[in-house]
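The following note sets out points for a colleague examining this entry. Each numbered paragraph takes up one topic and may be read against the coordinates.

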Amino acid sequence: MANRGQWPAAVRYRANLPGGTAFLTSTGLVYDWLLAADQQRLHEVLERDPATGASLTLHHHAVFVDFVGAQAVEPAGEQLQTAYHNYFIGNDPHHWAGHVPLYNEVRYAGLYPGTSLRCHSTASGQLEYDFELAPGASPAAIGLRYRGASGLQLLEDGSLLVRTSVGSVREQRPVAYQLTAAGGRQAVPCRYTLRGTTVGFVLPAGYDTTRPLVIDPVVVATYSRSTSDQLAMAATYDAAGNAYSSGYSFGSGFPASPGAYQTVSKGSNEGVIQKFNPQCTNLFYATFLGGNGDDRVIAMRVNAAGELYALSGIYSTNFPVTGGSLSTTPGGQGDLAVTRFNAAGSAVLASTYLGGSSNDAPYTSFIVGSQRTMSIGELVLHPNGDVLVTGSTLSANFPTTGGTLSQTLRGGQDAFVTCLTGNTLGMRWSTLLGGNNIDYPRDLTLTAAGEPVLAGITVSADFPVTTRAFPVSLTAGYTGFITRLSATGTTLEASVLFGSSSISKITLDASGLPIIAGASIGTFPSATAGAVQLGTATLPSTFVAGLTADFSQLRYVGRLPVIDISAFQVDDCGHLYLAGFNFLSLPVTGGLLAGSTTNAGFHTLTLDVGASRLLFYSPFGTNGVNHTHSGSHRFTRNGTLYQSICDNTRSYAAPSNAYSPTNRTNGYDVLTISINQEAAGGNAPTLLASITRPDSACAPARLQFGNGSRNAQRYRWTFGDGSPADTTFAPSHLYAAPGTYRVWLRVRRAAVGGCGGNTLDSTSVLVRVLSIPGRALPTTAVLCPNSTVTLQAVVGAGYSYRWSTGATTRTLAVSQPGTYRVVVSNGACSTRDSILVRAVAVPHFPADTTLCTNGNLNLQVRAAAGSTIRWDGGQTTSTLPVSTSGVYGVTVTTNGCTFTRQVRVELRRTILPPNVITPNGDGLNDMLELRPAEPGTRLQVFNRWGRLVYSTTDYHNDWGQGQAPGLYYYLLENERYCQPSLKGWVEVMP
C-alpha cells in the first residue's frame, strides 16, 4: 500500500503481515510486531465490552533494518492491482487519501552499485525480499543493520533468529541462484554473515560474475500463539449484487523508534469496509475509517447510485466529519457517526457525529439462554434519500427536534430514531423513545408510507404502548417491544410489549404486515396450528411471528431452537429467510452447503409461507464456534444472504477463485459470504442457471456453450475476456489468446402468479484455452553418485506426459546418466523436449596413512574445477599439511553434490636419545632429552648394577639433574615412535 499522506512522511509503503506490520522507507525497513496474547485478549474483551477494550495496553516491538552503505534511492511500486484502498482516519482532510494504489511488489532500483532490492508478499501473507545483482556486482556491499532487536543469532540451519520482547522472528536461510541459458535456476551456495548487529551475505563457492545473481531471504513471523487480526462487524449489498463487509482491523501506527513499546488499544485499530463483486472473486476497494479512538462500522446501506452509508460506533474525538452536517464536534463518552461515501469509496461526501454528552454507542449485551444479543444501532434509507438511524442513548442532551414524540430522556438509556438528510446528513427530525429504565432497539425498517418500525428489548415496565394485547413478563429483567412511529416521528402509531423475549429482527411482507424474529425464555408465543415447532421444547427458543398491522394480534408463530439471529427477511411470496449463530440440531434440508459440515456454528434456513414448514436448512462452514460483532447483516428480498463472520478455525476453504480463499492471519479474519437460498416450491418454480462447459482447445479457439438452465426467460453471458455480453440461449465464442476464463451466465424469469417475479440466478464455469507447450526441460542436469535426480517438466497444470522410459508422470526420478525425452500434451497440442543427465565425477581423497617421519604430511584432494573444499578445521585449500596424528574430515561440493571423507593419519617419529649428559646446572645437556617427547612415553633407568633408579609412564625430559656420575641403562617405550621399544645407555658426567 502506497503512502498518499495517510501515514507519516518517512513511510513510502506499508505491508500488513501476520502478527505485525512492515513499513518501507527510503533508508530501510521497519517491522512493528504486536504481542499475540494482547491481540487475543483484545478480541475477547471487545466482544464483551468495547469501552473496556478501548483502554487495554498493547505491547509492541519495533525493529529497524537499515540499508548500510546504500545509495539514496526512492522505492517504486510495481505490478499495480485493480483494487485500491481509501483512508479516512481522523478529522484532518489533509490526511485523508482515496484511490490509494496497491502493488504486488516494491523495487529499490540501484540500492547498491549494480544491485536492486525487490520486496513482495508470498501467498501466505509473509514479506519476501530479493536482492538482484547485475553481472559484476558485489554481494559483499550489502549490509542490513538491525536496530532495536533484543538479540540476533545465526542458527545451525543457516537461518537468522531475531529476538524481540513480543516473540521471535526467523529469517530463513538465504537462497541464491542464477538463471541458466535455458531459463532454469542454478543454485549458488549462500549464507548469512553476522558482525555485531549487521547482517550480510557470503557466497563461499563464488559464482559466475558474468551473469545476474539473485539472493532471496524470507521473513516469517513465528509467534507461539495465534493472533487476532480482524473482527467481523456488518454486511450489506447493492442493486448489482456486490457484497460489502465491514471489519475491525488491529492495525498500528508507524513506530517512532526501534525497540519495545506500548500503546493503548484505543486508536491503534482501524475500521475497514470492503466491496467485492457478486462472486467475491474481486475486491473493488477497501476503505479505512476511524480516528484516535475505538471506532467500528456497525451497519451499512447502499443507495441506488451505489453510494455507501455507514453507521459507526465511535470513541474518537477526531473522526472524519464534514461541514454542513448535523455535528462536526464529538458529543461525549461515545458517539455514533454516519458517513456517506461516493460509489468508488474514495471520497467522503458527508459525515457527521450523532450523540450527546454521554454514551450514545453502548454495546449492551443481553444473554437469552445461549443467545448473545448484541447490537449498537441500525440504519435504513428512505425512498426520498433520507437516512434513518436508531440506537440507544444515555445522553440527556441527545439531539432531538421540537414536535416529535419525546425530547426528554425518561430512563437511564432510551431508544431514539433520527432522520438525516441524505445529501449533507443534516438534521431532518429526531425523537427519543423509552420508559423509566433501559430501552434498546435492535432493528429498524420502513413502511411504504415511510413510517419507521423498530423492535428490540426494554427493561422499562412503562415503555410507551398503544395496546397490551400480549402477556408481558419482566422475570428475566426484560421484554421485547415493537413500535411504529409516524413518518415525521411526531406520534406513536402502534406499540406493544411482547412476552419475556428479545426481539432481534423485524421486516414487512409484501402487504406491509410486520414479521418479527427473536428469542423467548417462556412458552409465549406458542407455535400456532400449521406452523413449525422444530427441535425440542427446551427453553429458551427462537420464534418467528407474523402480526397484524396494529400489532394487536398474532397471525402465526413458528418455534425453532435458539439461534443468535444476524439476518432476517421475507420475500414477495412470503418465504422467510433467517440466519445466525449457535449449534442447532435440525435435519439438513435441501442439501448441505458446499464446504460445510453439520457441526458448524453458523446456520441459515428458509421457512414456507406462514412459517408452515422448513424448506431449506444447512449449517455453513466447518466445526468451531464462529460469531460476528454486530447484528446488521442482510438478506435480499429474493433470499440471497450477505453475511460477515469472525472466523479463526482456519478450516473453511472458500472457493479457489475467491479474492482470498484462506484465512491469511494468525487468528481471526473476516469471512464474507453470499448465499442464495431462494425457496424451492411455493408459488414460483425453481430458477436454475446451468452451463454445459465445452472441452478445452488450443488458441485461437471457438467454443460452443450449452445452456441447461430451467424456468428462465432471459439470458446474459459474459466470457471473461472483455468482449461484449451475449444474450442468446447457447452462444459460441471465439477466444484469440490462451488463458483461463471465467464464463458467467445470469438468468431471469418473469413473474409467476404475482410472486417471485424478476428473480435472478447465476452460475459460472472456468474454460481453458490452451497454447502449444513451450520448452519443458532444462538442457542438462547433474546426477550425484548413488542417488537419484528428479526431472520435472516445467509447464502448467492440466498437461499429460510421456517419458522415453514409459513413465506418464510430470516428474521422473532417474538414477543413471543419459538422455531422457518427454512428450508434453494438453490433449490438443503437444511438444517434445529432452535433457542430458550427467554423472558428477567423484573427487579423489587421500588414503588413511601411517608414516615414520619427523616432518609434516600433505593431505591432498583432487576434485573437478569449480568444486568447493572445506576441511573440518575451516581450511578451503585442496592440500592440507598435517603435523600430528588424528582424523581429518573434509567435505567437497561439486555441482551440488556433496562428498565427505574422514582421513586417518598416524605419524610415528624416529628418536635417538643422547648417550652423554652433563647435569651441572648450566642449562646445557642437563637432562636425558628426547626429541620429540611424545605424550605417554614410558621410561625406566637402571644403574650399572641393574637396580631401577627411575621410572615414569609419561616422561617430560626431566631425568638427569642430581644423578651421580656413572653409566646408566634405560628402557624407552612408546607406540608413537617408529621403534615402539628402545634400549640403550647413557653416561652421566660431572
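1. Buried here means under 20% relative accessible area, exposed means over 50%, and partly exposed lies in between. The model under discussion is a predicted one. By that cut-off Phe 551, at 1% relative accessibility, counts as buried. Phe 551 also has a positive phi, near 65°, although the residue is not a glycine. Its place is the loop between β40 and β41 (554–561).

2. A second non-glycine residue calls for the same check of the backbone: phi of Asn 925 is positive, near 60°. Asn 925 belongs to the loop between β69 (916–917) and β70 (938–942). Is Asn 925 buried or partly exposed? Its relative accessibility is 37%, so Asn 925 counts as partly exposed.

3. On overall composition, the protein has two helices and 73 strands. Of its 990 residues, 54% are buried. The exposed surface comes to about 39700 Å², and carbon and sulfur atoms supply 50% of that area. Where contacts join residues at least 6 apart in sequence, 61% of them are between residues at least 24 apart.

4. The largest nonpolar core has 41 residues, and those touching the most other members are Tyr 31, Tyr 108, Phe 131, Leu 144, Tyr 146 and Ile 215. Another core, of 25 residues, lies apart from it and includes Leu 379, Val 389, Leu 420 and Leu 432.

5. The loop that holds Phe 551 connects two strands of one sheet, which deserves its own point. This sheet is open and has four strands in the order β38-β39-β40-β41, paired antiparallel. The edge positions are taken by β38 (501–508) and β41; each has a single partner strand, so one side of each is left without a neighbour in the sheet. From one strand to the next the twist averages 20°. Within the sheet, the antiparallel strands β40 and β41 are joined by seven bridges. Leu 547 stands opposite Leu 554 of β41.

6. Two cis peptide bonds should be inspected. The bond from Phe 524 to Pro 525 is cis, with omega near -5°. Pro 525 sits in the loop between β39 (514–520) and β40 (541–547), and both of these strands belong to the four-stranded sheet of point 5. The bond joining Ala 699 and Pro 700 is likewise cis, with omega about -10°. Pro 700 is located in the loop between β50 (697–698) and β51 (701–704).

7. Strand β57 (residues 780–783) has two distinct faces: Ala 781 and Leu 783 form the covered one, whereas Thr 780 and Val 782 form the uncovered one. Four bridges connect β57 to β62 (residues 830–839), and these two strands run parallel. The bridge partner of Thr 780 in β62 is Leu 836.

8. How many disulfides does the model contain? The count comes to two. One is formed by Cys 784 and Cys 897, whose sulfur atoms are 1.8 Å apart. This pair links distant parts of the chain, 113 residues apart: Cys 784 is in the loop between β57 and β58 (789–792), while Cys 897 is in strand β68 (residues 897–908). The torsion about the S-S bond of Cys 784 and Cys 897 is about -90°, so this disulfide is left-handed. With 23% relative accessibility, Cys 784 counts as partly exposed, whereas Cys 897 is buried at 1%.

9. The other disulfide is between Cys 852 and Cys 978, with a sulfur separation of 2.2 Å. It too links distant parts of the chain, here 126 residues apart, from Cys 852 in strand β63 (residues 849–852) to Cys 978 in the loop between β72 (966–973) and β73 (981–988). Cys 852 is partly exposed, with a relative accessible area of 43%. Cys 978 is partly exposed as well, at 23%.

10. Two further cysteines may be added to the list for review. Cys 119, with a relative accessibility of 3%, counts as buried. Cys 190 is also buried, its relative accessible area being 11%.

Key
Residues are numbered from 1 along each chain as its sequence is written. This is a predicted model: local features need pLDDT of at least 70, side-chain atom pairs count only at pLDDT 80 or more; totals for chains, interfaces and linings use all residues. Side-chain values use heavy atoms; hydrogens and water are left out. Buried means under 20% relative accessible area, exposed over 50%, partly exposed in between (1.4 Å probe, protein chains only). A nonpolar core is a set of buried Ala, Val, Leu, Ile, Met, Phe, Trp, Tyr and Cys residues joined through side-chain atoms within 4.5 Å. Two strands pair if DSSP finds at least two bridges between them. Axes are lines fitted to C-alpha atoms, for helices over the stretch in contact, and angles run from 0 to 180 degrees between N-to-C directions. Contact means heavy atoms within 4.5 Å. Accessible areas come from the Shrake-Rupley method with a 1.4 Å probe; for residues, only the protein chains shown count as cover. A disulfide is a pair of cysteine sulfur atoms within 2.5 Å.
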